Structure formats: C-alpha cells, structure tokens
Amino acid sequence: MAISLQFSRISTGTELSLPETRISRQRKPFSVRCSSGGEAATSSSVESEFNAKAFRHNLTRSDNYNRKGFGHKEEILEQMSQEFTSDIIMKLKENGYEYTWGNVTVKLAEAYGFCWGVERAVQIAYEARKQFPTERIWITNEIIHNPTVNQRLKEMGVKNIPLEDGQKQFDVVDKGDVVVLPAFGAAVEEMVALNDKKVQIVDTTCPWVSKVWNIVDKHKKGEYTSIIHGKYLHEETIATASFAGTYIIVKDMKEAKYVCDYILGGGLDGSSSTKEAFMEKFKNAVSDGFDPDRDLVKLGIANQTTMLKGETEEIGKLVETTMMQKYEVENVNNHFMSFNTICDATQERQDAMYKLVEQQVDLMLVVGGWNSSNTSHLLEIADERGIPSYWIDSEKRIGPGNKISHKLLHGELVEKDNFLPEGPITIGITSGASTPDKVVEDVLKKVFNLKREEALQLH
C-alpha cells in the first residue's frame with residue numbers, strides 16, 4: 001500500500017509495528033535512555049536476531065516518518081537564500097573565483113561551502129518547523145556542524161535532546177512530538193527508541209551516509225568485519241557502526257598500519273604487540289565481543305564520508321595488500337571487500353583545496369564549525385603545504401585589531417597577533433560543507449575593515 005509522506009499533522013494511521021527490540025551494548029561512545037521499557041543502548045552492533053537494515057526499511061515506509069519534506073521546498077529555499085547567501089561570494093564566482101577589494105585580493109576555492117546533502121538537511125528541518133508550527137520539535141544532534149545554522153534552528157524552537165553522563169535523555173520526548181534526525185544520521189538504537197514512542201520522525205540523513213550503511217550491511221551479510229575509517233565519537237561513525245556487524249574504527253593511516261601489522265604478526269612495521277595491547281588501544285572503537293585473532297580474517301572497508309579522500313584510499317590499498325600477503329593473491333577476494341564510499345562533495349572540496357594551495361597566497365582562511373571533520377581536512381591540506389592557515393568558525397574570531405583566534409589541526413585553540421601582513425595581500429579562502437556563504441562573507445568583511453583601518457593609519 002502506498003503511504004503518502006505529505007501530511008499536515010501527526011498521522012494516526014498506519015504505524016510501524018515491530019516486536020519489542022532489546023539492544024545490548026558494552027562499548028559506549030554514548031547511549032540512549034527512554035522510559036518506554038527499553039534497556040540502555042549504546043552504539044555497537046545490534047544483537048544478531050535484530051536486522052537493523054530491515055527495521056529502517058520498514059520505518060521509512062511508515063506514516064510517522066518523513067525524509068522528503070512537506071511540500072514547502074520553494075518557499076523554504078527562498079528563505080534560506082535570504083539568510084545564507086552572499087553578494088561577495090557571488091562577485092568572486094562571477095570573476096573566476098578571484099577578485100580584489102582595495103589592497104586585498106581574495107582567491108576562493110572552486111568547490112566550497114554548503115553541499116547538496118547539507119542544504120537538503122537544513123531545508124527539510126526548516127520545512128518541519130513550518131509544517132508543525134505548534135508541536136514540540138527535537139533534534140538528536142546538531143543538524144550540521146555549523147554554529148550559525150544550529151543557532152538559527154534554536155531560535156526557531158528546535159530543541160536538542162538533552163545529554164547527561166553520556167546518555168541521551170529521550171524521556172523528554174512525548175508521543176505527538178516531532179524529532180529531526182540530522183544530516184549525519186542517527187544510530188539505529190535511537191530510531192527504535194523514537195519509533196516506540198510514536199513520534200513523528202523527520203529524517204534529514206544525507207543519502208551518502210545511508211549509502212555507507214548499506215555497505216557495512218553487505219559486510220555483515222558476508223561475515224566480513226568492517227574497518228571503518230572515521231572518528232569513533234563522531235555522530236556519523238556512531239550511526240554507521242550501529243548498522244554494522246563486527247567492526248573496528250581506525251582514525252588514520254597510523255592506526256590502520258597497527259591493525260595490519262597485527263594481522264601479519266608484526267611483519268609490517270612492528271608497531272603492534274600483544275592481543276591485550278590491541279584491545280586496550282581500540283577499546284572504544286570495536287564492536288561488542290571483538291576478537292582480533294578471530295575477526296581480522298575477512299575485512300571490508302567503509303568510511304566516515306567526511307574523512308580525507310586520499311587517506312581512505314591508502315587505507316583500503318594497505319588492507320588489501322595485507323590480506324594478499326597473509327592469504328596469497330589468488331585468495332584475496334575471500335578476505336577483502338571494498339566499495340567506494342567517499343562522498344562526492346567531500347572529494348570535490350578537497351580537490352579544489354589541492355588546486356588552491358598551488359596558487360600564490362599570503363595566508364589561507366578555512367571557515368567552518370570547529371567540530372566539522374570535513375573542514376579539518378581542508379585545513380590539513382593547507383598545513384601540509386606550509387601556508388599560514390587559520391581555521392575559524394565565524395567572523396567573531398577576528399579581532400580586536402589584527403588578531404585571530406583559530407583552531408589548530410589537532411584541536412588546540414590559539415591566538416595569533418598581526419595575522420594579516422602589512423600592505424597588499426592575497427588571501428586564499430574556503431569553507432566546510434556545512435558553512436553558509438554568509439558566514440564567509442562576514443569573515444571577509446572583517447578582513448577588509450582591518451586593511452582599510454591600516455591604510456587610514458598610514459595616511
């Protein structure tokens with residue numbers, strides 16, 4: 001039976017009916033708690049009898065679920081355009097991504113800022129507020145990693161699910177409320193808890209993220225362990241892990257080499273040691289009951305879509321080579337599975353950044369939320385070239401005077417005096433996939449004002 005996703009209020013018709021699901025966990029990046037009788041749940045693999053993909057498939061076809069918006073797209077996109085677009089960015093694009101204002105030349109990366117998945121997520125969240133003007137609306141995490149957009153939703157009355165001692169307090173959510181799932185997705189345990197509460201679920205998960213969920217499900221069906229290139233506390237990786245069977249999360253090439261060295265019994269670079277040391281190192285980044293001696297025989301690669309493209313590819317090649325060495329080339333297909341799960345938008349922004357750093361610039365500004373993974377990798381590209389680079393989340397990080405507060409690649413917040421050189425300068429600038437053009441414009445305006453003040457003082 002076809003179910004319409006266009007509705008004006010909470011539907012009281014067909015609802016998703018599944019046997020009550022018990023989900024147990026030991027690894028605890030976070031957990032959920034609700035008063036519907038379910039046990040606390042954390043984000044490792046679900047019990048074998050629970051089919052996460054089948055649950056989500058049924059959920060997406062229920063009356064209390066929407067992932068396509070509510071018919072207000074044209075109106076909402078016009079509203080977003082007024083709030084987030086920039087005349088300065090338009091001028092740069094119209095002039096080949098380079099323009100000079102006074103003594104400041106700006107070079108903009110050719111791919112930057114809002115990606116399609118982010119724009120879609122924000123649009124659907126805005127539509128939900130219009131569709132449900134009086135209902136309480138919650139969101140399970142930040143819609144995207146940008147403080148400007150998240151503050152805007154807060155002003156619209158969209159509330160974050162409270163978090164206490166690592167547990168999301170779903171007790172606050174009542175039947176009839178509306179709950180938004182962010183662009184990063186949500187762990188399947190959260191979907192179960194929300195469905196049990198009979199709330200209206202508005203799912204803004206990026207299709208690229210759900211594509212990765214399908215990949216780890218294929219790993220699970222083939223009894224492959226998923227090696228997930230990501231950050232184990234990142235919302236997207238938590239969600240992906242919840243759809244996996246057996247998994248291990250590696251954050252970078254160094255950790256991947258450690259895993260591969262263990263597989264080869266120390267035959268790669270000698271970085272690994274005992275099983276106990278292995279489990280201590282990855283205690284927060286493996287599925288419940290993980291055994292490196294048993295679970296590193298058949299491996300599949302997946303990734304957090306915002307990771308550095310080149311590193312994901314290198315990790316995949318390393319694991320494939322390791323399995324060839326361990327099990328012989330002719331047997332590798334029985335021990336290694338790989339699919340391309342790198343997000344197009346992430347790849348395009350990284351490629352554009354590689355192109356931008358080849359140009360002559362005095363400094364690089366990278367604009368995006370300080371908890372944005374994809375933005376951090378844009379900074380990494382500039383850092384590797386030795387370009388003075390500053391990662392800021394808004395124009396508020398500039399000033400007073402010629403001073404900037406910025407985040408280093410490894411998380412430290414620092415201040416830099418006299419970050420703008422005297423005289424004519426050329427600035428490279430890019431922004432993360434969650435950053436509106438208006439935020440970049442506000443940053444550039446701050447720079448223009450500082451250079452204007454400098455010129456006045458010289459005269």
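In this predicted model, A52, K53 and R56 of helix α1 touch S210, W213, N214, D217 and K220 of helix α7, with contact taken as heavy atoms within 4.5 Å. Sorted by class, that α1–α7 contact comes out as 2 nonpolar, 2 polar and 4 charged residues (Ala, Val, Leu, Ile, Met, Phe, Trp, Tyr, Cys and Pro count as nonpolar, Asp, Glu, Lys and Arg as charged, the others, Gly among them, as polar). The axes of α1 (residues 52-59) and α7 (residues 207-221) sit 10 Å apart, at an angle of about 140°. Local features need pLDDT of at least 70 and side-chain atom pairs 80 or more, while totals for chains, interfaces and linings use all residues. Numbering runs from 1 along each chain, and side-chain values use heavy atoms, without hydrogens or water.

As for pockets, the largest holds about 510 Å³ of space. Its lining has 20 residues, with K231, S376, H377, L409 and H410 closest to the centre. (A pocket is an open set of points on a 1 Å grid where a 1.4 Å probe fits, with protein on both sides within 12 Å along at least five of seven lines; lining residues have an atom within 4 Å of a point.) Helix α14 (residues 373-384) is the top contributor to this lining, at 4 residues. By class, the lining splits into 4 nonpolar, 9 polar and 7 charged.

Disulfides (cysteine sulfur pairs within 2.5 Å) number 0 in the whole structure. C115 goes unpaired because its closest cysteine sulfur, in C343, is 5.9 Å away, too far for a bond. C206 also has C343 as its closest cysteine sulfur, at 5.6 Å, and is likewise too far for a bond.

Definitions and conventions. Grid points are joined across faces, edges and corners, and a volume is the space filled by probe spheres set on the points. Helices (H or I, at least four residues) and strands (E, at least two) are DSSP runs, numbered from the N terminus. Axes are lines fitted to C-alpha atoms, for helices over the stretch in contact, and angles run from 0 to 180 degrees between N-to-C directions.
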